[in-house]
Amino acid sequence: MRGTCELCQRDGIELTVHHLIPREEGGSHLPTAALCKSCHKQIHALYSNRELSIRLYTIALLKDDESLKKYIKWIKKQPATKAVKIRKSKTK
C-alpha cells in the first residue's frame with residue numbers, strides 16, 4: 001500500500017502497519033498507524049516494545065520525542081524513493 005507516512009509526512013511511499021502498542025504488549029487489536037518502512041524501523045531500533053507501550057503509544061507522542069524529532073527532521077528531506085539505513089540505538 002502506498003500513501004503518506006503518518007510520522008514523516010512523506011507522500012507516495014510504501015507503508016507498513018505499526019501497532020501503536022506493540023502486539024507483544026497486548027496491542028494486537030488496538031489502534032495502528034501507517035508508517036513508511038524507514039520510520040517504522042527507526043522506532044523499533046531506538047525503543048523496546050515495553051517503552052513504546054508505556055511512553056510512546058500515539059503518533060503525537062512519537063513526534064514529540066526528542067530522538068525522533070531529529071530523525072523526522074532529517075528523513076523529511078529524503079526522497080521517498082531513497083533507501084535509508086537505520087542505526088540501532090546504543091542505549092536500547
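Buried here means under 20% relative accessible area. Keep that cut-off in mind for this predicted model, since it comes up again and again below.

**Helix H1, wrapped up by its neighbours**

Let's start with helix H1, which covers residues 37-46. Seven of its 10 residues are buried, so H1 is largely enclosed by the rest of the structure. The buried ones are Ser38, Cys39, His40, Gln42, Ile43, Ala45 and Leu46. What does the covering? The cover over these buried residues includes strands S2 and S3 (32-36) along with helices H2, H3 (59-64) and H4.

**The whole fold**

Stepping back, the protein has four helices and three strands. Reading from the N terminus, the order is β-β-β-α-α-α-α. The radius of gyration is 12 Å, close to the 12 Å that the globule rule gives for 92 residues, so the protein is as compact as a globular protein of that length. Its C-alpha trace spans about 35 × 30 × 20 Å along the principal axes.

Of the 92 residues, 41% count as buried. The protein exposes about 5,900 Å², and carbon and sulfur atoms supply 52% of that area. As for contacts between residues at least 6 apart in sequence, 54% of them join residues at least 24 apart.

**Three residues to look at**

Here are three positions side by side, with where they sit and how accessible they are.

| Residue | Location | Relative accessibility | Class |
|---|---|---|---|
| Leucine 68 | helix H4 (residues 66-75) | 0% | buried |
| Asparagine 49 | helix H2 (residues 49-55) | 23% | partly exposed |
| Glutamine 9 | loop between S1 (2-3) and S2 | 43% | partly exposed |

Leucine 68 counts as buried because its relative accessibility is 0%. Which residues does leucine 68 touch, not counting those up to four places away in sequence? They are Gln42, Ile43, Leu46, Tyr47 and Leu62. Gln42, Ile43 and Leu46 are also among the buried residues of H1, and H4 is one of the elements covering that helix. Alanine 33, on the other hand, lies 35 residues away from leucine 68 in sequence and 16 Å away in space, C-alpha to C-alpha.

Asparagine 49 has 23% relative accessibility, so it counts as partly exposed. Leaving aside neighbours within four places in sequence, asparagine 49 is in contact with Pro22, Glu24, Glu25 and His44. From asparagine 49 to serine 38 there are 11 residues in sequence and 17 Å in space, again C-alpha to C-alpha.

Glutamine 9 is the one with the unusual backbone. Most residues other than glycine have a negative phi. Glutamine 9 isn't a glycine, yet its phi is positive, at about 65 degrees. This residue sits in the loop between S1 and S2.

**The second largest pocket**

Now for some empty space. The second largest pocket has a volume of about 210 Å³. It is lined by 15 residues, and the closest to its centre are Ile13, Lys37, Ser38, Lys82 and Ala83. Which elements each supply at least two residues of this lining? Strand S2 (13-19) and helix H1 do, with H1 giving the largest share, three residues.

By type, the lining divides into six nonpolar, three polar and six charged residues. Ser38 turns up twice in this story: it is one of the buried residues of H1, and it is among the residues closest to the pocket's centre.

Conventions:
Residues numbered from 1 in each chain as written. Predicted model: local features only at pLDDT ≥ 70, side-chain atom pairs only at ≥ 80, totals over all residues. Heavy atoms only, no water. 1 Å grid on protein atoms, 1.4 Å probe; cavity = no way out; pocket = protein on both sides within 12 Å on 5 of 7 lines; lining within 4 Å. Points joined across faces, edges and corners; volume = space filled by probe spheres on them. Nonpolar A, V, L, I, M, F, W, Y, C, P; charged D, E, K, R; others polar. Rg over C-alpha atoms; globule rule 2.2 N^0.38 Å. Buried < 20%, exposed > 50% of the residue type's maximum accessible area, 1.4 Å probe, protein only. Contact = heavy atoms within 4.5 Å. Areas by Shrake-Rupley, 256 points an atom, 1.4 Å probe, with all protein chains shown as cover.
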